Amino acid sequence: MNKSYNYKDFRIEILYEDSDIAILNKPSGLLTHKKSEFDNSPSLQESLKNQFTIDDGENFKEGIVHRLDKDTSGIIVITKNHISKNKFREMFKKKDIKKNYLAFTYGVLNKKNIEVNKKIHRNQIRRTKFGVSDNLGK
């Protein structure tokens, strides 16, 4: 059985843990990390302080090597030291780690499954909105 812990109004599952990393299930509605040092919103990163010993020297992003949007739930890797953080950053940069997303929609689709294989880019005018493209974005 997986371990878990409570943080504010969130329950965070610990799916795996060793001396270098932890793999967590981030719930929807929780920021991965603060937007700035003055942000008082609940964040996964803030929850790590009482649960894990993290020494990577990076203020406000201790343990965070990648992120999920606030409203996205899913698996997130937490690193506990400089060595593991650098290794995971390199793996994400080289795309050695593959990320898959599953989305649920409202309405009726004419297919059971649909795959969107496009790059995501930020809207030039409305910076909080995103779009898809064949050539722009990641």
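**Salt bridges, burial and exposure in a predicted model**

Glu 46 and Lys 49 both lie in helix α1, 3 residues apart, which is about one turn of the helix. The model discussed here is predicted.

Q: What makes the pair Glu 46 and Lys 49 a salt bridge?
A: The N to O distance between their side chains is 3.4 Å. A salt bridge requires a side-chain nitrogen of Lys or Arg within 4 Å of a carboxyl oxygen of Asp or Glu, so the pair qualifies.

Q: Why is Glu 46 called partly exposed?
A: Its relative accessibility is 24%. Buried means under 20% and exposed over 50%, with partly exposed in between, so Glu 46 belongs to the middle class. Lys 49, at 47%, is also partly exposed.

Q: Why is Glu 62 said to have no salt bridge?
A: The nearest side chain of opposite charge, Lys 49, is 5.1 Å away. A salt bridge needs a distance within 4 Å, therefore this pair does not count. Glu 62 is nevertheless buried, and it lies in the loop between α1 (44-51) and β4 (74-79).

Q: What makes the approach of Glu 62 to the side chain of Gln 45 a polar contact?
A: The two side chains are 2.6 Å apart. The limit for a polar contact is 3.5 Å, so the distance falls within it.

Q: How do you know that Arg 89 and Glu 58 form a salt bridge?
A: Their N to O distance is 2.6 Å, and the limit is 4 Å, so the criterion is met. The pair links distant parts of the chain, with Arg 89 in helix α2 and Glu 58 in the loop between α1 and β4, 31 residues apart. Both residues also belong to a network of salt bridges that includes Asp 56 and Lys 85.

Q: Why is Asp 134 called exposed, and why is Lys 118 called partly exposed?
A: Asp 134 has a relative accessible area of 56%, and exposed means over 50%, so the term applies. Lys 118 has 41%, which lies between 20% and 50%, so it is partly exposed. The two residues form a salt bridge, their closest N and O atoms being 2.9 Å apart.

Q: What makes the phi of Lys 8 noteworthy?
A: Most residues other than glycine have a negative phi. Lys 8 is not a glycine, yet its phi is positive, about 50°. Lys 8 is located in the loop between β1 (3-7) and β2 (10-17).

Technical notes. Residues numbered from 1 in each chain as written. Predicted model: local features only at pLDDT ≥ 70, side-chain atom pairs only at ≥ 80, totals over all residues. Heavy atoms only, no water. Helix = DSSP H or I, 4+ residues; strand = E, 2+ residues; numbered from the N terminus. Buried < 20%, exposed > 50% of the residue type's maximum accessible area, 1.4 Å probe, protein only. Lys, Arg positive; Asp, Glu negative; His and termini not counted. Polar contact = N/O pair within 3.5 Å; in protein donor to acceptor, adjacent residues only side chain to side chain.
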